[in-house]
Amino acid sequence: MIDFSTPPYLLQAHTSVRRVMVQVLVALLPGIGAYVWLIGPSILLQLLVASLAALLAEALMLRLRGRPLGLFLSDGSALVTAWLIALTFPPLAPWWLITVGTLLAIVVAKHLYGGLGQNPFNPAMIAFAACIVSFPALMSQWPVLGLKLTLVEQLEMIFGLAPRIDALSGATPLDALKTALKIGEGNIDIPTLLATQEVFGTFAGRGWEWVTAGYLLGGLWLWQRKVIHWQAPAGFICGLSLLAGALWLWNPERFASPLFHLFSGGAMLGAFFIVTDPVSGCTTTRGRLIFGFLAGVIAYTIRVFGGYPDGVAFAVLLLNLCVPLIDMYTRPPIFGMKDGK
Amino acid sequence: MISALAIMALGAVVLGAALGYAAIRFKVEGDPLVEKIDAILPQTQCGQCGYPGCRPYAEAISAGEAEINLCPPGGLDGVRKLADLLGREVKPLAAEEKPKQVAIIDEQTCIGCTLCIQACPVDAIVGAAKQMHTVVESLCTGCELCVKPCPVECITMEPLTEKLDNWKWKYPVIEIRRVA
Amino acid sequence: MTHYLFIIVGAVLVNNVVLVRILGLCPFMGVSKKLDTAIGMGAATTFVLTVSTGASYVIDHYLLMPFGLEYLRTLSFIVTIAALVQLTEMVIQKASPVLHQVLGIYLPLITTNCAVLGVPLLNVGNRHDFIESLLFGAGSAVGFSLVLVLFAGIRERIEGADVPPCFQGVAIAMVTAGLMSLAFMGFAGLDKYQ
Amino acid sequence: MLQRLFSFRGGVKPETNKAPSVQVPIGLAPLPERLYVPLHQHIGGHPNPLVEAGQRVLKGELIGGAEGWVSAAVHAPTSGTVIAVEEHVAAHPSGLTTLTVVIEPDGREEWIERQVVDHRSLPPERVREFLRDAGVVGLGGAVFPSHAKLTAAKAVAMEDLVINGAECEPFMTCDDVLMRERADEIVRGIAIFRDLLGARRVLIGIEDNKPEAVAAMHEAVGRLGEDYQVVAVPTRYPAGGAKQLIRVLTGKEVPASKRSTELGVQCFNVATVYTAYRALAFGEPVLSRIVTLTGNVEQPRNWEVRLGTPMRDLVALGRPKPDTTRFLMGGPMMGFEIPDLAAPVVKATNCIIAGSPALFPPAPPEMPCIRCGACAEACPHELQPFDLYWFARARNFGKTQEYSLFDCIECGCCSYVCPSHIPLVQYFRFAKSEIWAREREKQAADAAKARFERRNSREEREQAEKAERLAKASVARTSGSRPAATDAGPPARPRGSSAEAGSGSRAESPTDAAAAPAVGDAEALRKATIVAAMERARAQRESAQPKNTDHLSAAQLREIAAIDARRAVLGSAGESPKGPDE
């Protein structure tokens, strides 16, 4: 065994991929806590299902590709993908849907491209987009608000033992708003809707606003720990709220406030946990800003004007496509070359 | 029926005229691509590609007559560069890739026949009739053309030895596999 | 005005020729290995497609329809496109021999690029007027180029990735194209917003 | 005297570990049994040996003369006998050998006649030559010949001379102790460089973790009445990199594509300045240097070591602890592991660190890059190491150059912070040496092409001349005399079309045509033509290499032999009618 000894012989202590991933997982905890408070323990079950599926898929692919299992299974990257999938899917989605999504993410979006660090697309978002395109009905069955099911009932639903009752006819606040506007055909305005319908809370979806606030908290912690850079989330929030704000100021009856949009759907999760993914995101400082900003703009466009309830996943995937170009054109000048050539 | 024919004929005449004009206006002289291809080839002039020298091979590639993977001295890197330039698919080398070599003349055996001198395409062998010959190592391209003509088989190809001047940092060993 | 906007948005994003209509896949897979080539091919196709939609509209409306010769539509469109492609090829060969060589067979193949024939035919099918036809043609061309360039960027990056051997090359490119298509599905419905 | 400081981006702050080796003053390393002085200890031309085995040399005697302008001389570090001039293992990561003069010291330390010069009384060119012949090179580790850096740019006025005493590498203290103990000599040496360059201002940069050195230098500057500014710069690796120090002290950024003199600034290491002063003021060429011996040893210390002392002898002075597994030359950030302790101390050896697994834990396994960007933040040259790595790993060297690979100073900051523990610097070194190798190959190819073309045109010319001669000869000869058609030769082998032969025949035909009417003799013409044709065939045979005959199976070889045999029969049959005819 030749020890290929390479400088530097000193390495910074306490830096490793695993440490980065574990911190991301920890940062998700406040959001998960709020989720449990809102929906019940079923989300924990979904997290478990997704984690198991992800680890199994990862192990299988590593074995097939002849890579060391222990090293890569313990790096935590598969878990991060799994958790993001579980948190973006409806909490009472059948177990196989989550599993299929996770397999797609790990096998196709991650390992076909060479595994950790080499995937051009965000695996979790691939899973979400593929599932919402393939199973639109299942992916829009959210529990009706205030529905308190016992753990057993939730279990039965996830594993398909109980009929998928009307209790699941709920919608995300975003979807509810969109549908109501469509049904109202211009006779109804947003302030009234927000005030009358019980699905809406203080400034966004009832209950959901606290889940997203949990993500915001976790995201800020990640930033404080220097795990993520501020540019991408700032760009995302900026892009989303600028567009939302402009339309809201123009016509507050048809367009909801930026605050509503920021705390609805996957905006906060996207801003701090998805557009910040370094692997599939931009790597230059300006690139991250552009990436976040455009993702915010597209997410808003799709969720308000498009055919899907939320646009974060598609926005991120579309921007993933642009990453090589953005990176190429925003490459910072190097030492000594700042005043042009 | 007549109108259909007339219209198609009219179209043909108009488009034909436009193309004819363009053919004169945008006429291209020569083929600058050959130079670019030739610059990538290693200029060993060894003929291992089946063409008598590097430039004829470059011309053949440019004309689309030859594959890009016929040049063993250029190695896979050369194939890659050609593929890059020409937008073709990288193919494995048609022949085996050899490490870079130089010809060495065994001075005990050499009879001074000058046949190798005549075979060397780059004048890298010095010597005179009935005198011992020797290879100027820095000029030898390792084309092996001198090996065959030697009547006493005194020329051998030796791989280039690593010295401090041509020593290279190695590709880092990927340790992932070792841990497995 | 919004009507024109919807046509453009629809052609570029929502019903992208490559990713949604699945037209013109041959150059999409063939000329996307390098960014520079992709940009050149995009420019050439954009030029041909835009001009050919205009030309075919003129031919259709002022030559074929007055004489009731709609059955010659495909034929005459192909002839027009072929001539235009020939012209483009000459210009490129003069202006950039390397690009010409790199585009290789794909340049004359613009003739048989189904997107180039498909778009004028779609125009006819959708009863677009001249402006609409041009916008639709230009939009489709921009959509094609956009996707081609983005795809080339991604492919250049994937080239360095540790892709499993059995998926290297075209296989992973096809997977990527599929995922791109998935991403573009997000635009669905954007051209129908009321 | 308030100096405004600038900052460079990136950098890291590893544990410095400098304290252990500065507790005791510089010690003089004892004379070893043998000295192994490599002839090539610097960047640039290889010096040729000027001594041979058995010859007696004096201390300071020239043993290797500078070869070319960018080169430096090498001297005997002590008096003694040359035992051999041979290949000996070099102080190099490869462990390869280099031409080395082996000297057995006689212990008498007999000096050559030392020539003292005043740099102000000589023209600058002479001073530069003197420095070259004294073997003065950059002792910070780069070992670039100093005299070649001592010419100001023509277009730009020389503003700042930066003297580098920053010494940012952890563990290393050789410059620190030199400044503490020999500040006067350094300050005097600076004057030489300042005068040669005509610099307006002199800035001495020292990291602020070396207050004693700052104080000593300050005092010396004051004592000698110079106006140099001694500046304590913030401790952050790699503040001691020439470009970083220039940036910190002057605000100027020197890119890889420019010389620093083009921006009106130049930088020298304190040890270099010291040796230059010794060379001019005492006539002592560079025979020794200060080496820090530290790390996992009982007695860390700085030693003044004669060049050529085997590292084993030096290391023994520090008494390595039992768990020592390896030795590094240079600092832990940029140094390398010494493959063989038989390698001698050379001008580049600033530090030797004994390493143990506890001191330098083995690197954790390399993980894939997750593009987190930590390396880009740490890079003092503001490169994108993860992109460089991506391309270097895929061997896409064109792209690495596009991403400014050659601006990388290999400081190791990127590897230091990498959460995936990727040996980034190693990838960059690999890419650089591959690119250099390619450049060499390209040059060789161009040269080969030129030679090939020259040879072709020469052969064409020779054949034309030969044909002409033959034609003339056939005119001169009366009919009946026979041209010596001795070249029956081996039977024709399968051959490809040959450019040479083709052009040869082109060149000949007009000659033949010209000869024909002049003679008017049908037979002579015929003979000349035959001879020319045979000549052509022979040339063709020799120049054309048969196609696809390099890797043949035994069966194929047999087949070819059979064909050749048949051809030989046919050939002789074809030639036989010629016999009676003639």
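How many bridges join strand 7 of chain D to strand 8 of chain D? In this predicted model, the count is nine, and the two strands, residues 80–89 and residues 97–105, run antiparallel. One pairing to look for in the structure above is that of Val89(D), whose bridge partner in strand 8 of chain D is Thr97(D). Strands 7 and 8 belong to an open sheet of four strands in chain D, with the order 2-8-7-4 and antiparallel pairing. At its edges lie strand 2 (35–38) and strand 4 (56–57) of chain D, each of which pairs on one side only.

Moving on from strand 4 of chain D, the loop that leads to strand 5 (62–65) holds Leu58(D). Leu58(D) has 17 other C-beta atoms within 10 Å and is therefore partly exposed, since a buried residue would need 20 or more and an exposed one would have 12 or fewer. When residues up to four places away in sequence are set aside, Leu58(D) touches Ala76(D), Ser79(D), Glu110(D), Trp111(D) and Ile112(D). One of these contacts, Ile112(D), is 54 residues away along the chain, yet the C-alpha atoms of Leu58(D) and Ile112(D) are separated by 5.6 Å.

Chain D also contains an open sheet of six strands, in the order 1-14-13-17-15-16, and here the pairing is mixed. The edge positions are taken by strand 1 (27–28) and strand 16 (336–337) of chain D, both pairing on one side only. Strand 1 of chain D pairs with strand 14 (residues 301–306) of chain D in the parallel sense, over two bridges. Within this pairing, Gly27(D) has Trp303(D) of strand 14 of chain D as its bridge partner. A helix joins the picture as well: helix 2 (residues 174–181) of chain D packs on the sheet and touches strand 13 (288–295), strand 14 and strand 17 (351–355) of chain D. The direction of helix 2 of chain D makes about 125° with that of strand 13 of chain D.

Turning to chain A, the domain assignment gives domain 1 (16–170) and domain 2 (173–329). The centres of these two domains of chain A, taken over C-alpha atoms, are separated by 21 Å. Their contact draws on 27 residues from domain 1 and 30 residues from domain 2 of chain A. On the domain 1 side, helix 1, helix 4 (77–88) and helix 6 (123–134) of chain A are the elements that give two or more residues. Helix 1 of chain A gives the most, with 12 residues. This side of domain 1 of chain A is made up of 19 nonpolar and eight polar residues, with no charged ones.

Chain A also meets chain D, with 29 residues of chain A in contact with 42 residues of chain D. Helix 1 (residues 17–39) of chain A again appears here, giving the most to the side of chain A that touches chain D, with three residues. That side of chain A divides into 15 nonpolar, 10 polar and four charged residues.

Finally, chain C offers a helix worth a look. Helix 1 (residues 2–14) of chain C spans only 15 Å between its end C-alpha atoms, whereas a straight helix of 13 residues would span 18 Å. The buried residues in helix 1 of chain C are Ile7(C), Gly10(C), Ala11(C), Val12(C), Leu13(C) and Val14(C). These buried residues of helix 1 pack against helix 7 (130–158) and helix 8 (170–184) of chain C.

Methods:
Residues numbered from 1 in each chain as written. Chains lettered and ligands numbered in written order. Predicted model: local features only at pLDDT ≥ 70, side-chain atom pairs only at ≥ 80, totals over all residues. Pairing = 2+ DSSP bridges. Contact = placed C-beta atoms within 7 Å. Nonpolar A, V, L, I, M, F, W, Y, C, P; charged D, E, K, R; others polar. Domains from an automatic or database assignment. Expected span 1.5 Å × (residues − 1). Axes fitted to C-alpha atoms, helices over the stretch in contact; angles between N-to-C directions.
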